[in-house]
Amino acid sequence: ASRCAFCFYSRGSHAVRRLDKTSVADLITRLADAGARHFTILEPSFNLRPDFVPLLEAIAAARYNRDLTFFAEVRADVLTERQMDLLVEAGFTKLEAGLQSVNTRTLARAKRCGEPESVVKACQKLKARGIELLVDIMIGLPGDTRHDVRRGAEMLRDCGLGEFVQVLPLSVLPGTSIREDAGREGIIFEDAPPYRVIRTDRMSEADISGVIH
């Protein structure tokens, strides 16, 4: 699983709690019988689970002859063509993918693996399959400037993904490594939930407000 510095997923538990494919399919069937039609999979990097392909096949079988749609968050850059096809078959009409930054040094400091160009190419393939996207750009990561943020938005626009951009200010959550390193990284943030970034060593408060609005 991913261990991004800003992510709180799994920080509160020593073990990942995950439903197996049979349990997921049974739950979908029971909820669909009760009238549910739209489902959200709450897993931060859905496609990184080891049983991803069998799970998609089980979901596709559970929705057979049913008008069900699904949403999940994925690591788009590691999806294979076959997995993309299976996502469509399983009814995933909308996906969220994190670009976060186009500055590779920023991504390294945030413990975020992957290449921005690979994320964009994968999102283009998902769009071509008719999947609606949310492509995240995070504001306030260590090392990023307002020019990096704009460069990311422009890259998505130029690649035909501009309508899918979702700009999110960094939340410096308790229990995350970015919270532990905030002082060293020069990150100033709100002292109450949602602990949003106020300024960094590379972005002023005006810079952050400007790129969000």
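**Helix α6 and two cysteines**

Q: What comes after α6, and what is the sign of its phi?
A: In this predicted model, α6 is followed by G160, and the phi of G160 is positive, near 80 degrees.

Q: How do you know what span to expect for α6, residues 146-158?
A: Take 1.5 Å times one less than the number of residues. With 13 residues in α6, the expected value is 18 Å, and the helix reaches 18 Å from its first C-alpha to its last, close to that expectation.

Q: What makes the buried residues of α6 a face of the helix?
A: The residues in question are D148, V149, G152 and L156. Looking down the axis of α6, you find them within an arc of 105 degrees, so they line one face. As background, an α-helix has 3.6 residues a turn, so residues three or four places apart point the same way. Turned away from that buried side are the exposed residues R157 and D158. The cover over the buried residues of α6 includes β3, α5, β4, β5 and α9.

Q: Why is C123 called buried?
A: Buried means under 20% relative accessible area. C123 has 1%, so the label fits.

Q: Why is C159 called partly exposed?
A: That class sits between the buried limit of 20% and the exposed limit of 50%. C159 comes in at 29%, so it counts as partly exposed.

Q: How do you know whether C159 is bonded or not bonded to C123?
A: A disulfide needs two cysteine sulfur atoms within 2.5 Å. The closest cysteine sulfur to that of C159 is in C123, 10.0 Å away, so that's too far for a bond. The disulfide count comes to zero.

How values were computed:
Residues numbered from 1 in each chain as written. Predicted model: local features only at pLDDT ≥ 70, side-chain atom pairs only at ≥ 80, totals over all residues. Heavy atoms only, no water. Helix = DSSP H or I, 4+ residues; strand = E, 2+ residues; numbered from the N terminus. Buried < 20%, exposed > 50% of the residue type's maximum accessible area, 1.4 Å probe, protein only. Arc of directions from axis to C-beta. Contact = heavy atoms within 4.5 Å.
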